[in-house]
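User: Please take a close look at how side chains of opposite charge are paired in this model. I would then like the answer extended to the surrounding architecture.

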Amino acid sequence: MELKIAILIASYNRKIKTITCINQILNQDFCNDFRIEIFLTDDASNDGTFDSVKTLFPQVHLFMGTGSLFWAGGMRNSWRKAIEHELEFDYYLLINDDTFLYKDSILKLINQSKSFFNLNNKHAVVIGTTINPDTGKITYGGRKLYSKFRPSGYLINDSELCLECDLGEANIMLVHTSIVAQIGILSDSYTHGIADYDYSLTAKKNGFKVIVAPGIFGTCLDDHGKNWKSADTSLKERISFLYSPKGLAYKEYLLYIKKHFPFHIPEAIFKLWLKTLFPFVYDKLKQD
């Protein structure tokens with residue numbers, strides 16, 4: 001039976017990376033019983049991404065965003081368009097447009113999903129790990145929480161075994177349609193980041209496992225840097241960063257904490273304002 005896989009991507013002003021990402025997808029090693037369709041939402045890039053993708057890859061289902069969708073909004077749009085498509089997809093594969101898959105990655109993800117289902121009679125969210133191509137250091141994948149009461153976690157990976165994680169990063173995230181039927185897609189509560197962590201924890205609360213597939217599935221640079229502004233920026237800039245969707249996303253982050261780590265709320269509020277009002281103190285504490 002033919003497996004139908006929807007590839008979901010969001011892009012913004014990374015034309016070369018977006019094109020490379022799509023090329024890597026189209027050059028995958030597939031079984032004859034795979035059918036893939038790519039759904040890409042470009043959030044009104046001004047670097048020609050939309051027109052380039054339209055010209056180079058006419059088979060891609062391409063949609064123009066409003067310019068204010070950010071990552072989570074763009075991915076939700078791609079996901080909804082895939083659900084509305086005439087095909088009934090078996091899997092939805094979320095990929096960041098700066099993630100470059102190895103040639104056998106999608107095949108390995110599907111096989112891991114099938115293997116898990118055969119053993120457990122239930123599907124899991126499957127996470128693929130990426131590395132920095134220059135250093136070989138793991139950059140994104142699945143994280144295990146240090147404590148169920150706090151949101152911080154550490155990356156886990158094994159070369160041979162699949163591992164259960166708590167937080168899945170959607171640089172490479174495979175979701176079976178049965179999971180979507182029960183919990184839906186990425187929450188509308190999040191504009192940019194956090195949405196993939198929320199989705200992972202929501203899946204777990206609904207009885208699904210989130211697993212890290214064994215091995216490495218592609219490359220992706222960790223370009224996030226530190227998530228607070230330094231003391232040499234103005235207070236106005238730091239407060240703007242505090243509320244920005246691509247900054248600390250104050251309201252959305254606290255919503256996420258309240259939903260999944262309610263005992264952590266006082267500490268979360270304290271840390272967010274410490275980063276903003278006294279970044280030199282936070283810098284010092286992080287270094288010690």
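Analyst: Glu 169 and Arg 143 are both buried (under 20% relative accessible area; exposed is over 50%, and partly exposed lies in between, with a 1.4 Å probe and protein chains only). The model is predicted, with local features requiring pLDDT of at least 70 and side-chain atom pairs pLDDT 80 or more, while totals for chains, interfaces and linings use all residues. Residues are numbered from 1 along each chain as its sequence is written, and side-chain values use heavy atoms, without hydrogens or water.

The side chains of Glu 169 and Arg 143 form a salt bridge, with N and O 2.9 Å apart (the term requires a side-chain nitrogen of Lys or Arg within 4 Å of a carboxyl oxygen of Asp or Glu). Glu 169 belongs to the loop between strand 12 (167-168) and strand 13 (172-176), whereas Arg 143 is part of strand 9 (residues 142-145), so their contact ties together parts that are 26 residues apart in sequence. Helices (H or I, at least four residues) and strands (E, at least two) are DSSP runs numbered from the N terminus.

A further pair is formed by Asp 166 and Lys 204, whose side chains meet in a salt bridge at 3.5 Å from N to O. This contact also links distant parts of the chain: Asp 166 lies in the loop between strand 11 (163-164) and strand 12, and Lys 204 lies in helix 6, 38 residues apart. Asp 166 has a relative accessibility of 11% and so counts as buried. Lys 204, with a relative accessible area of 24%, is partly exposed. Both residues belong to a network in which salt bridges with shared partners join Glu 164, Asp 166, Lys 204 and Lys 209.

The structure as a whole contains 13 salt bridges. One of them brings together the side chains of Asp 188 and Arg 80, at 2.7 Å from N to O. Because Asp 188 sits in the loop between helix 5 (177-183) and helix 6 (195-205), and Arg 80 sits in helix 3 (residues 70-84), this pair ties together parts that are 108 residues apart in sequence. Asp 188 is exposed, at 53% relative accessibility. Its partner Arg 80 is partly exposed, with a relative accessible area of 36%.

Beyond the charged pairs, an open sheet of 4 strands follows the order 5-15-7-8, with mixed pairing (strands pair if DSSP finds at least two bridges between them). Strand 5 (100-101) and strand 8 (138-140) occupy the edges; each has a single partner strand, so one side of each is left without a neighbour in the sheet. Strand 7 (residues 130-131) runs parallel to strand 15 (residues 218-219), and 2 bridges join them. Within this pairing, Thr 130 of the chain stands opposite Gly 218 in strand 15.

Helix 4 completes this view. Helix 4 comprises 16 residues, 105-120, and reaches 22 Å from its first C-alpha to its last. Its buried residues include Ser 105, Ile 106, Leu 107 and Leu 109. Ile 110, Gln 112, Ser 113 and Phe 116 of helix 4 are buried as well. Asn 121 follows helix 4 and has a positive phi, near 60°.

Key
The expected span of a helix is 1.5 Å times one less than its number of residues.
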